[in-house]
Amino acid sequence: MQIAKVIGTVVGNQKEPSLRGSKFLLVRFVDENGEDISNGYEVAIDAVGAGVSEWVLVSRGSAARQIEGSEKRPSDAAIVAIIDTVSVENRLIYSKKDHY
């Protein structure tokens, strides 16, 4: 899993049938300080109800299809958790409550 920040949404009315009802979000992968470590963005299926600006955990590749009901979805990335806090060596790096 990787830490990412949700930067936007993707809406598509015509989808492959197994993707109907899925919510798509744009994410950028970040380091523990919130600095962008990706070259661009990735589209991920939201499995937990995340929103724009939230830090999330993203599973990629075959792990993204291990979510119940997603086994046959053509997905390379899935948001599997919304992050509340990130601490490194007893130092608080990120707190959701400080960003809202």
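The following exchange concerns strand S2 and two residues, Leu26 and Lys15, in a predicted model.

Reader: Why is Leu26 called buried?

Author: The relative accessible area of Leu26 is 17%. Buried means under 20%, so Leu26 is classed as buried.

Reader: What makes strand S2 largely enclosed by the rest of the structure?

Author: Strand S2 covers residues 24–29, and five of these six residues are buried; the strand is therefore largely enclosed.

Reader: How do you know that S1 and S2 pair, and what of S2 and S3?

Author: Pairing requires at least two bridges between the strands. Six bridges join S1 (residues 2–10) to S2, and the two run antiparallel. Four bridges join S2 to S3 (residues 42–46), again in antiparallel fashion. Both pairs therefore satisfy the criterion. In the S1 pairing, Val10 stands opposite Phe24 of S2; in the S3 pairing, Leu26 stands opposite Val43.

Reader: Which residues does Leu26 touch, leaving aside those up to four places away in sequence?

Author: Leu26, which belongs to S2, touches Lys5, Val6, Ile7, Gly8, Thr9, Val10, Tyr41, Glu42 and Val43.

Reader: Why is Lys15 called partly exposed?

Author: Lys15 has a relative accessibility of 24%. Partly exposed residues fall between the 20% and 50% limits, so Lys15 belongs to that class.

Reader: What makes the pair Lys15 and Ser22 a polar contact?

Author: Lys15 lies in the loop between S1 and S2. A polar atom of the Lys15 side chain lies 3.0 Å from the backbone oxygen of Ser22. The distance limit for a polar contact is 3.5 Å, so this separation meets it. Lys15 also touches Arg20, Gly21 and Phe24, among others.

Definitions and conventions:
Residues numbered from 1 in each chain as written. Predicted model: local features only at pLDDT ≥ 70, side-chain atom pairs only at ≥ 80, totals over all residues. Heavy atoms only, no water. Buried < 20%, exposed > 50% of the residue type's maximum accessible area, 1.4 Å probe, protein only. Contact = heavy atoms within 4.5 Å. Polar contact = N/O pair within 3.5 Å; in protein donor to acceptor, adjacent residues only side chain to side chain.
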